[in-house]
Amino acid sequence: MMKIFMAHVTRHTEESLSINIPALSLSDKISFAHRLRDRKDTKATKRSYHAMELLTGTTSNHHWMQDSCFRPIITNLLKIFLPHADGNFHHFRKIFLHFVRRHPCDMLDYIVWQNNSTRVFDSIMPFIAHTPVADALLGLLFVRDVNSETEKKRQKAFAQLKTLEWVEWLIEAIHRKERHLSVDGEEAVFSDAAQEMLLRVIGEASHLDHGGILMGSFLTEKGPAMVESLVKLVITKDFAHNHALTISILKALVKCGNLATRASTIAHPVQGPLYAVSIRVQELLLNHIGELSKVIVNNRHSLVTQLCPLTIVDLDLLEVIYQTLMHAQDPTSALDTITPAFWKILVNSFIEKSSSTIYHTFFFRFFHRVLSIGHEPALEQLIRKQRLVRRLIDVYEDKSRPTDNRGFILLILNCLRLTSDADYTSMIHRSLSSHPRYIEFLPTLRSQTLLQTQAKIAWTLASSPRPPPYIGPSPPIRSAPFSPYATTLPLMGVLGVSDRWSSGIDLGSDYAYCLGFDQLVRLEGTETPMDFRSRRNSVHSSSDESTQSDNSRPSSPIAQHHDVMPGFTFESLTSEVAPSKKKKKKKKSKQEKRESL
């Protein structure tokens, strides 16, 4: 009886039951999956809809029927994947996910664990180009259930799929378009669906406990080949239209280690289940930085970014390069492989984009990373060859040009100034000390920076709007036991409470601390070396052009004051006007009125 009832949902034929599906090749399975299904029989569609309503009901009678007939229902439901079936996949998805919510352990055991996951590979995976089928499979693998038994079953299913190389199977499916030289056929659609599936799997696994089990193949000896195959898809010109998804996969892999939570943005990065996978992928991508940088250059016919501006895909690829360099232990060899045209595109985009705050933020982060590495050939290409300092000063002083990057220009020039003060033997110091344009602009740089660090309510600086640039888009994140500050953003102290040992904008100040120069703080009872002396503790600072007051900035978050309750106090990020206090007139008493008369 249940077979007849379920036939209204699957709409399979007796002829399709005689076909041995495991014996078919993947190409034949894909061909059957993309077969045009019958949608003209409206009566059959109505019967399928009513059957779906009965199978997903929530009354006690519905639950009794679903529990007692669980195995026949699921066994017959999978017949919708037979070669000549005409069932509606939207009805299948609702029924499938309903049983996943009610019987997650049984569904994981029957679909994934039993028969070496043949139901996943032979029945479901060829149909992932259909969105309801892909949603149903992901809903099963990443079912949200806090039950300990479900957690054990899921770990068991993940280990099974890892043993059967499911992630490797997805990557191989992505390459089918390239091997079959198909652009818009069935193989191309299936390849794009495999990319979307892998991208969604990475996102789901990064937020689920034990998700690293499923993606553990990147940690084995197969990891280099898997990453290299993805890079090959990016640098292949014949399938340039497919770059977006592949680059998104690489971006997801390098960023899946840290969870994007509210806590991680203001304190410590939260390491997710895929942290080890993310670090491993970044290590493997370090050898391909030069090839990835050439993709941005080769995908445009001109290096003038006004004619060929950076696209969203280019920004994703730049993020992959930045994240790889950010956590690399020895990135100097990778910087040597970057083509000079890459640096030109980066600088031109920053100068010419007047309102792209996203790119301005990225450029500052990328610049700060290259500066912290200190590799002189890369700094030569980025600063001297592109005439970066002169161009930044010209943009900053051109008041007739509307642009939003003046705050970032101050950040970049102050990073160069502090680097020059920190090491008198560096290329940065040699370049700035003989740069007439920079020397002329230095007093303005210091005065404008000091104005930004003053604790004041009204914002009168016309050069750049708030938020204050001294915080920066990417402040350093410290470990709580070793940090001289509380576990929050630096320089978010109490307004009006100053600390003379942390004020100022030179080495050893909180301003320098926020820009990554905290290792140069003078310790009590020790003598600071000549090369590390700052304007605040010595007269040898090369950028000493103005005086500073003790009240130039708010105190650190841990600063205690007898009139202020300790805690988190944040500075306003919007322009405010100090409220005017009006004196209330004192009412005259009756006796005073009589005397005045």
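## Two cysteines

Does Cys415 count as buried or exposed, and at what relative accessibility? Cys415 counts as buried, because its relative accessibility is 0% and the cut-off for a buried residue is under 20%. Please keep in mind as you read on that this is a predicted model.

Cys308 has a relative accessible area of 9%. That value also lies under 20%, so Cys308 is buried. As for sulfur bridges, the structure holds zero disulfides.

## Helix H23

Let's turn to helix H23, which covers residues 340-352. How far apart are its end C-alpha atoms, and what span should its 13 residues give? At 1.5 Å a residue the expected span is 18 Å, where the step is multiplied by one less than the number of residues. The end C-alpha atoms are 19 Å apart, which agrees with that expectation.

Is this helix largely enclosed or not? Ten of the 13 residues of H23 are buried, so the rest of the structure largely encloses the helix. The buried residues are Ala341, Phe342, Trp343, Ile345, Leu346, Val347, Asn348, Ser349, Phe350 and Ile351. Asn348 and Ser349 are therefore buried in H23 along with residues such as Phe342 and Trp343.

## How H1 packs on H6

Near the start of the numbering, you can look at helix H1 (residues 2-10) and helix H6 (residues 70-77). Two packed helices are described by the angle between their axes and the distance between the axes. For H1 and H6, the angle is about 40° and the axes are 9 Å apart. The crossing of H1 with H6 is right-handed.

Which residues make this contact? From H1 come Met2, Lys3, Met6, Val9 and Thr10, while H6 brings Pro72, Ile73, Asn76 and Leu77. Sorted by class, the contact has six nonpolar residues, two polar ones and one charged one.

## The loop between H8 and H9

Finally, have a look at the loop between helix H8 (104-113) and helix H9 (118-124), where Asn115 sits. Asn115 is not a glycine, yet its phi is positive, at about 60°. Ser117 lies in the loop between H8 and H9 too, and this residue other than glycine has a positive phi near 60°.

Which of the terms buried, partly exposed and exposed fits each residue? Asn115 has a relative accessibility of 47%, so it counts as partly exposed. Ser117, by contrast, is buried, with a relative accessible area of 0%.

Definitions and conventions
Residues numbered from 1 in each chain as written. Predicted model: local features only at pLDDT ≥ 70, side-chain atom pairs only at ≥ 80, totals over all residues. Heavy atoms only, no water. Helix = DSSP H or I, 4+ residues; strand = E, 2+ residues; numbered from the N terminus. Buried < 20%, exposed > 50% of the residue type's maximum accessible area, 1.4 Å probe, protein only. Disulfide = S-S within 2.5 Å. Axes fitted to C-alpha atoms, helices over the stretch in contact; angles between N-to-C directions. Left-handed = near helix turned anticlockwise from the far one by under 90°. Contact = heavy atoms within 4.5 Å. Nonpolar A, V, L, I, M, F, W, Y, C, P; charged D, E, K, R; others polar.
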